[in-house]
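Me: Please take a close look at a single part of this model, its cysteines and any disulfides, and then describe the surrounding helices in a connected account.

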Amino acid sequence: MTAEQAARGWCIIATACLYALLLLCMAWELWLAPLRPGGSWLVLKVLPLLWIAPGITRGRVYTYRASTMLILAYFTEGVVRAWSDEGLSAKLAGAEIVLAVVFFSAAIARVRASRAVRSPRTAL
């Protein structure tokens, strides 16, 4: 597998995790287990994800670098809510943690693979 193929694979994984996280957060706060019946304003937490989605989808390395810092907020929210919530909300928080960790790992791997594509001798 070439470095370019690896970069493309990591891009697909990161994009899938990002869109899954978007859908999870929207469904969680609007229908599945909102803080208040009928939905909550916490659904606005998807806005930063929507902001980075075009860059992630297009495979822009700068967006991948910046997104690794952003995704940590979602990981943190998942950990806090998995610890403090009960029932379905705690399970959704667990899913948020998994998606955030996989996205973070794929984004880091994508940046490293893109570095290997640019200069194969200094990639190691």
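Reply: In this predicted model, a search of the whole structure finds zero disulfides. Cys 11 takes part in no disulfide, and the nearest cysteine sulfur, belonging to Cys 17, lies 12 Å away. A pair would count as a disulfide only with its sulfur atoms within 2.5 Å. Cys 17 is likewise in no disulfide, the nearest cysteine sulfur being that of Cys 11 at 12 Å. As for their surroundings, Cys 11 counts as buried because its relative accessibility is 6%, the cut-off for buried being under 20%. Cys 17 is also buried, with a relative accessible area of 9%.

Turning to helix H3, this element covers residues 61–84, 24 residues in total. From its first C-alpha to its last, H3 reaches 35 Å, close to the 34 Å expected at 1.5 Å a residue. H3 nevertheless bends by about 35° at Thr 68. Thr 68 is itself one of the buried residues of H3, which also include Thr 63, Tyr 64, Ser 67, Ile 71, Tyr 74, Glu 77, Gly 78 and Arg 81. An α-helix has 3.6 residues a turn, so residues three or four places apart point the same way. The cover over the buried residues of H3 includes helix H1 (3–32), helix H2 (47–58) and helix H4 (88–118).

Helix H4 also contains Arg 115. Arg 115 is partly exposed, with a relative accessible area of 40%. Although Arg 115 and Ala 3 are 112 residues apart in sequence, their C-alpha atoms are 8.8 Å apart in space.

Note on methods
Residues numbered from 1 in each chain as written. Predicted model: local features only at pLDDT ≥ 70, side-chain atom pairs only at ≥ 80, totals over all residues. Heavy atoms only, no water. Helix = DSSP H or I, 4+ residues; strand = E, 2+ residues; numbered from the N terminus. Expected span 1.5 Å × (residues − 1). Bend = angle between axes of the 7 residues up to and from the residue. Buried < 20%, exposed > 50% of the residue type's maximum accessible area, 1.4 Å probe, protein only. Contact = heavy atoms within 4.5 Å.
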